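Hi,

Here is the structure I promised to pass along. Have a look first, and my notes on cysteines and charged pairs follow underneath.

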Amino acid sequence: MSTILIAGATGLIGRACVDRALIDARITKVIVLTRRALELSHPKIVQWVAPDGQLLSGLRREQVDAVLCCLGTTIATVKGDKQAFIHVDKDLVVGIGHWAKANNVPTFCVVSAIGADASSRIFYSRVKGEMEGALIDIGLPQLHIFQPSMLVGPRTEERMGERMGIVLGKVFSPLLLGSLAKYKPMPHDVLAKAMINASLGVPGTSKAGIHAYTAIQELASR
């Protein structure tokens, strides 16, 4: 029976991970790391609320079996503030990674993005790549990096550009075969299930690695 910690529980993937964890008999406790108390009520849920609103200060010295890090924002959400974007998509993620290493957490799962590359000229891709590299450098026992393309699911906020991308992605998805399959739109619930399975070390799960569309689908089906 496992205890998992989820960061980013208010986002599309984080919410899906929480929902799936609550109905999974293999999981006995779901710790939600948050800046402010959430309206969540379930016997499995424990909220770690940051006392000063700074997310990392909410972390405690307690053993957990896996971390599911679903933190992420958009440059539009932070009104073009690149430093604010870096803080959420890299600094906080890496900070949780250091906590996981110090507390001997066996498994760390993180949502990144297809095209993540620390040397990219594209700001978004570069930050995601830097985040991945920093986590790898920490030396976590098992690190699962998930690189979905466009995420499909019920958003709480409007993302017009993303909505257009999803429509186009669905139209062209049947044509995205072989090495192009990684660009297919990713259903949010499939990604959540894959992350839960990886965090629990289901049979056939690799010790570590980068998972794109096909690998995510395979993990979700186990």
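Before the charged pairs, the cut-off: I call something a salt bridge when a side-chain nitrogen of Lys or Arg sits within 4 Å of a carboxyl oxygen of Asp or Glu. Keep in mind that this is a predicted model, where local features need pLDDT of at least 70 and side-chain atom pairs count only at pLDDT 80 or more, while totals for chains, interfaces and linings use all residues. Residues are numbered from 1 along each chain as its sequence is written, and side-chain values use heavy atoms, with hydrogens and water left out.

**Salt bridges**

The structure has four of them; here are three.

One of them pairs Lys29 with Glu62, with 3.3 Å between the closest N and O atoms. Lys29 is in strand β2 (residues 27-34) and Glu62 is in the loop between β3 (45-49) and β4 (66-69), so this pair ties together parts that are 33 residues apart in sequence. (Helices, H or I of at least four residues, and strands, E of at least two, are DSSP runs numbered from the N terminus.) Lys29 is partly exposed at 28% relative accessibility, and Glu62 is partly exposed too, with a relative accessible area of 28%. For those words, buried means under 20% relative accessible area, exposed means over 50%, and partly exposed is in between (1.4 Å probe, protein chains only).

Next comes Asp89 with Lys128, whose closest N and O atoms are 2.8 Å apart. This one links distant parts of the chain: Asp89 belongs to helix α2 (residues 82-102) and Lys128 to helix α3 (residues 123-138), 39 residues apart. Asp89 counts as buried at 1% relative accessibility, and Lys128 counts as buried at 3%.

Glu130 and Lys90 also form a salt bridge, at 3.1 Å between the closest N and O atoms. Glu130 lies in helix α3 and Lys90 in helix α2, so the pair ties together parts 40 residues apart in sequence. Glu130 is partly exposed, at 28% relative accessible area.

**Cysteines**

How many disulfides does the structure hold? Zero, taking a disulfide as a pair of cysteine sulfur atoms within 2.5 Å. Cys70 is in none, and the nearest cysteine sulfur, in Cys17, is 4.1 Å away. Cys70 is buried, with a relative accessible area of 11%. As for Cys109, its sulfur is 8.5 Å from the closest cysteine sulfur, again in Cys17, which is too far for a bond. Cys109 is buried as well, at 0% relative accessible area.

Cheers
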